[in-house]
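This report describes one protein chain for a reader who is new to structural work. Please keep the sequence and the three-dimensional view at hand while reading.

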Amino acid sequence: MTADKEMTPMQTGTVEAVCISEEKGTQKKVMDSAVFREDWGIEGDAHAGNWHRQVSILAQESILAFRACGVDVSYGDFGENLVVSGLDLEPVTVGTRLQVGEVLLEVTQIGKACHKDCAIRRKTGDCIMPREGIFAVVLRGGSVKQGDEVKVFAPDPKRAFTAAVVTLSDRAAKGIYPDESGPAIAQFLTEHGYEVIEQVLLPDGRVRLEQELSRLADQRQVDVIFTTGGTGLSRRDVTPEATIHVCEKMVPGIGEALRSYSMQFTPHAMLSRQTAGIRKNTLIINLPGSPKACREDLEFLIGPLEHGIGVLRGTEDK
């Protein structure tokens with residue numbers, strides 16, 4: 001959980017401001033210093049808690065560029081906890097670690113959705129945090145003040161694979177019956193060493209599914225997203241279409257192999273339209289709606305999947 005003293009940082013910079021606020025969605029006030037708590041965030045800040053966006057970070061250069069457009073903004077106006085200078089945050093990815101003085105942070109999200117009626121947008125007319133901000137959790141606590149050095153370290157290539165699970169079911173989303181497939185997938189992945197960072201339950205349909213797939217791939221940057229449900233022949237079964245729409249390239253062999261494998265259990269497998277594709281560095285795979293079928297597919301898929309994710313991460317040869 002500590003940064004390796006022998007590791008060479010990719011970049012070094014400086015803390016220009018430490019900011020906190022008591023309410024979410026409001027401008028933060030600049031503090032002389034702040035106490036960072038492990039697995040919690042900044043003491044006294046509204047965003048602290050047991051979740052993945054404990055600390056928000058924005059480059060001073062982004063704020064100065066915004067001021068150059070004629071808008072008078074101060075540190076903390078965009079809801080950022082840390083303003084840092086001398087760092088190029090654009091190439092920073094999820095898993096990157098930042099050593100800030102004695103504090104150690106790990107990046108968990110890039111950008112975020114912005115509420116149109118938030119106080120920040122009302123004051124500034126825009127909000128750069130959704131586009132240029134990064135979010136992190138506190139791995140090691142301590143005190144941070146203006147002038148502290150910031151060291152940026154590359155993600156550990158041996159860190160656990162991350163996954164998200166999205167269930168598509170009108171009836172489960174309405175609470176008519178519980179979602180069994182999503183938890184079954186999450187349990188299987190956890191037992192095989194994956195870190196399941198999100199589970200999402202949605203009604204069938206394309207719009208919200210496309211939004212969630214894009215968010216999980218672009219902002220959370222998970223290694224693999226599994227969907228379950230919506231791969232059949234009914235009018236509401238549109239999961240493959242949503243997957244195709246958000247992906248930059250398809251991996252047709254996965255769907256073909258899973259259908260072929262499932263044929264040994266039921267001839268109805270030929271009616272499945274499940275597919276797979278890649279958005280940026282995230283692999284998206286459609287699984288059936290049945291918990292039993294999901295487990296069978298995962299047992300078949302888990303071996304080749306590790307190699308595929310390694311190739312996407314750049315840690316394995318093609």
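Two strands are said to pair when DSSP finds at least two bridges between them. The model discussed here is a predicted one.

**Strand β9 and its partners**

Strands β8 (103–110) and β9 (134–140) meet this condition, for 6 bridges join β8 to β9 and the two run antiparallel. Within this pairing, Val 107 stands opposite Ala 136 in β9. Strand β9 also pairs with β5, again in the antiparallel sense, over 3 bridges. In that second pairing, Val 55 stands opposite Ala 136 in β9. Ala 136 is therefore a useful residue to locate in the view, since Val 107 stands opposite it and Val 55 does too. In general terms, the strands of a sheet pair through backbone hydrogen bonds, in either a parallel or an antiparallel sense. How much of β9 is buried? Strand β9 is mostly covered, with 6 of its 7 residues buried.

**A sheet of three strands**

An open sheet of 3 strands follows the order β4-β3-β10, and its pairing is antiparallel. Why is one side of β4 and of β10 left without a neighbour in this sheet? Strands β4 (41–42) and β10 (142–145) stand at the edges, and each has a single partner strand, so one side of each has no neighbour in the sheet. Strand β3, which covers residues 33–37, is joined to β10 by 4 bridges. Here Val 35 stands opposite Ser 143 in β10.

**The nonpolar cores**

The largest nonpolar core has 27 residues, and those that touch the most other members are Phe 36, Ile 57, Leu 82 and Leu 105. Several strands supply at least two residues each to this core, including β1 (11–20), β3, β5 (55–59), β6 (82–85) and β9. Strand β8 gives the most to this core, with 4 residues. Apart from this core lies another, of 23 residues, among them Phe 188, Tyr 194, Ile 285 and Leu 301.

Leu 82 shows how the largest core is knit together. When its neighbours within four places in sequence are left aside, the contacts of Leu 82 include Val 15, Phe 36, Ile 57, Val 100, Leu 105 and Val 144. Val 55 is also in contact with Leu 82, and Val 55 is the residue that stands opposite Ala 136 in β9.

**The largest pocket**

The largest pocket has a volume of about 900 Å³. Its lining is made of 36 residues, of which Val 94, Gly 95, Arg 159, Arg 220 and Gln 221 lie nearest the centre. By class, this lining has 13 nonpolar, 12 polar and 11 charged residues. Which elements each supply at least two residues of the lining? They are β8, β9, β13 (195–202), α6 (207–218) and α9 (291–313). Strand β8 gives the most to the lining, with 4 residues.

**Selected residues**

The table sets out the place and the relative accessible area of four residues.

| Residue | Place | Relative accessible area |
|---|---|---|
| Gly 79 | loop between α1 (60–67) and β6 | 11%, buried |
| Gln 221 | loop between α6 and β14 (224–228) | 26%, partly exposed |
| Glu 306 | helix α9 | 45%, partly exposed |
| Lys 280 | loop between β16 (276–279) and β17 (282–287) | 47%, partly exposed |

The class given to each residue rests on fixed limits: buried means under 20% relative accessible area, exposed means over 50%, and partly exposed lies in between. Gly 79 is therefore called buried, at 11%.

Two of these residues deserve attention for their backbone. Most residues other than glycine have a negative phi. Gln 221, however, has a positive phi, near 55°, and Lys 280 also has a positive phi, of about 55°, although it is not a glycine.

The other two illustrate how the chain brings distant positions together. The C-alpha atoms of Gly 79 and Ser 21 are separated by 7.9 Å, while the two residues are 58 residues apart along the chain. Glu 306 and Phe 161 are 145 residues apart along the chain, and their C-alpha atoms are separated by 8.5 Å. Leaving aside its neighbours within four places in sequence, Glu 306 is in contact with Phe 161, Tyr 194 and Glu 316. Of these contacts, Tyr 194 is among the residues of the core of 23 residues.

Notes
Residues are numbered from 1 along each chain as its sequence is written. This is a predicted model: local features need pLDDT of at least 70, side-chain atom pairs count only at pLDDT 80 or more; totals for chains, interfaces and linings use all residues. Side-chain values use heavy atoms; hydrogens and water are left out. On a 1 Å grid over the protein atoms alone, a cavity is a set of points where a 1.4 Å probe fits but cannot get out, and a pocket is an open set with protein on both sides within 12 Å along at least five of seven lines; lining residues have an atom within 4 Å of a point. Grid points are joined across faces, edges and corners, and a volume is the space filled by probe spheres set on the points. Ala, Val, Leu, Ile, Met, Phe, Trp, Tyr, Cys and Pro count as nonpolar, Asp, Glu, Lys and Arg as charged, and the others, Gly among them, as polar. A nonpolar core is a set of buried Ala, Val, Leu, Ile, Met, Phe, Trp, Tyr and Cys residues joined through side-chain atoms within 4.5 Å. Buried means under 20% relative accessible area, exposed over 50%, partly exposed in between (1.4 Å probe, protein chains only). Contact means heavy atoms within 4.5 Å.
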